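Here are a few exercises to work through with the model open beside you. Try each one before you read its solution.

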Amino acid sequence: MNTKTTRTRLLLERACPLLRCPACLRLRLEVLTSGPTGLACDACGRVFIHADGVLNLYTGPELFTGAQRSLQSRMLTALYERFRWLLAKAIIGCTSEEEVDRFERTPDLKTGDALLDVACGPGNFTLPLARRAAPGLVIGLDISPAQLARAAANVARADVDNVLLVRGDVHRLPLRDGAVPKVNCAGGLHQFPDPAKALDEIARVLSMGGRFSGSTLQRHPSPRTLPLQEWLYRRWKVHFVDLAGFRALVERAGLANYRHEPAPIPWFGYYQAAKA
Ligand SMILES: C[S@@+](CC[C@H](N)C(=O)[O-])C[C@H]1O[C@@H](n2cnc3c(N)ncnc32)[C@H](O)[C@@H]1O
């Protein structure tokens, strides 16, 4: 067995106690010890392959909104990765260092913490968070193969051994109840077709006292911008989240201590909560 396969199997061994089968939802996943690298469910028999740096725990359906589709394209994914930090400066009003710093501080990340980075995209936050949490395991989960391919290249380049990239859907997270003490979701919420369901899932996989932090496009305070936001929703299913109203969904999902604040530019905002 070569070193890469051995490293991947060790990573899967570490992740197994946090995962559940995305098909039958049972807790009987086991690492394949021969043949392809991946996991098998001892209950339903499904096999989930780890290939090209990504464990595929997505069970479909392959139906995507306009916003989700845009980030499946290789070209847009490459552009997004390249210009994300410039966009951050223009749309969010802060530098990449300030944003990374915020996401390291908000969930109060400590050495050894396990963390789920939902909607990880190319790993813009996954890698800095993994450096902070090491040797804690960081799971970067996204639905888009193109985004995950970029993330896999970035993880390989960074040569870290505590990041597992997973293809999965936030509406049906392949993690056990109470699996992780920290969940991060940078720039994901406005893309999720059903934010309330996504939130229920995030709350389910958080352990008691666990912290959830994120950022999202948010509703602009000026009524003049409403037609544009409504058009973007109709055309691309991009939500402009009302972060004040979001409190009700957060609390309904069983999370407490909800706080939110706008970015320097009001189209974007940050939020955090904890599992009570
Ligand atoms: C704007 S990107 C954010 C990427 C990264 N977190 C960042 O801040 O640079 C939003 C990501 O959400 C992912 N996404 C959209 N719908 C999803 C879903 N249902 N489950 C998991 N990820 C999803 C997209 O594929 C995309 O990579």
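**Exercise 1.** Which residue of E11 is the bridge partner of His-260?

*Solution.* Keep in mind that this is a predicted model. Start from His-260 and cross to E11, where its bridge partner is Tyr-271. Next take Pro-262, whose partner in E11 is Gly-269. These pairs belong to the contact between E10 and strand E11 (residues 268-275), which run antiparallel and are joined by six bridges. Finally, look at the connection: E10 and E11 form a hairpin with five residues between them.

**Exercise 2.** Place E11 in its sheet, and find what pairs with it in addition to E10.

*Solution.* Begin with the strand order: the open sheet has 11 strands, E1-E2-E3-E4-E7-E6-E5-E8-E9-E11-E10, with mixed pairing. Its edge strands are E1 (29-31) and E10 (255-262), each of which pairs on one side only. On average, neighbouring strands are turned by 20° against each other, direction ignored. The order puts E11 between E9 and E10. E9 and E11 pair in the antiparallel sense over seven bridges, and Phe-212 has Ala-273 as its bridge partner in E11.

**Exercise 3.** Decide whether one face of E11 or both faces are covered.

*Solution.* First, a reminder: in a regular strand the side chains alternate between the two faces of the sheet. On one side of E11 sit Phe-268, Tyr-270, Gln-272 and Ala-274, and on the other Gly-269, Tyr-271, Ala-273 and Lys-275. All of these are buried, so both faces are covered. Now look for a helix here: H4 (residues 96-105) lies across E8 (180-186), E9 (206-217), E10 and E11, at about 15° to E11.

**Exercise 4.** Check the length of H6 against the expected span, then describe its surroundings.

*Solution.* H6 has 14 residues, which at 1.5 Å a residue should span 20 Å; the end C-alpha atoms are 20 Å apart, so the two agree. Helix H6 (residues 145-158) lies across E4 (54-56), E6 (138-142) and E7 (163-167), running at about 165° to E7. Its buried residues include Leu-148, Ala-151, Ala-152 and Val-155. The buried residues of H6 pack against E4, H3 (74-92), H5 (126-133), E6 and E7. Just after H6, Asp-159 takes a positive phi of about 55°.

**Exercise 5.** Which element gives the most to the lining of the second largest pocket?

*Solution.* The second largest pocket holds about 570 Å³ of space. Of its 23 lining residues, Lys-4, Arg-7, Thr-8, Leu-11 and His-50 are the closest to the centre. The elements giving two or more residues are H1 (3-15), E3 (47-51), H6 and E7. H1 gives the most, with seven residues.

Conventions:
Residues are numbered from 1 along each chain as its sequence is written. This is a predicted model: local features need pLDDT of at least 70, side-chain atom pairs count only at pLDDT 80 or more; totals for chains, interfaces and linings use all residues. Side-chain values use heavy atoms; hydrogens and water are left out. Two strands pair if DSSP finds at least two bridges between them. Helices (H or I, at least four residues) and strands (E, at least two) are DSSP runs, numbered from the N terminus. Axes are lines fitted to C-alpha atoms, for helices over the stretch in contact, and angles run from 0 to 180 degrees between N-to-C directions. Contact means heavy atoms within 4.5 Å. The expected span of a helix is 1.5 Å times one less than its number of residues. Buried means under 20% relative accessible area, exposed over 50%, partly exposed in between (1.4 Å probe, protein chains only). On a 1 Å grid over the protein atoms alone, a cavity is a set of points where a 1.4 Å probe fits but cannot get out, and a pocket is an open set with protein on both sides within 12 Å along at least five of seven lines; lining residues have an atom within 4 Å of a point. Grid points are joined across faces, edges and corners, and a volume is the space filled by probe spheres set on the points.
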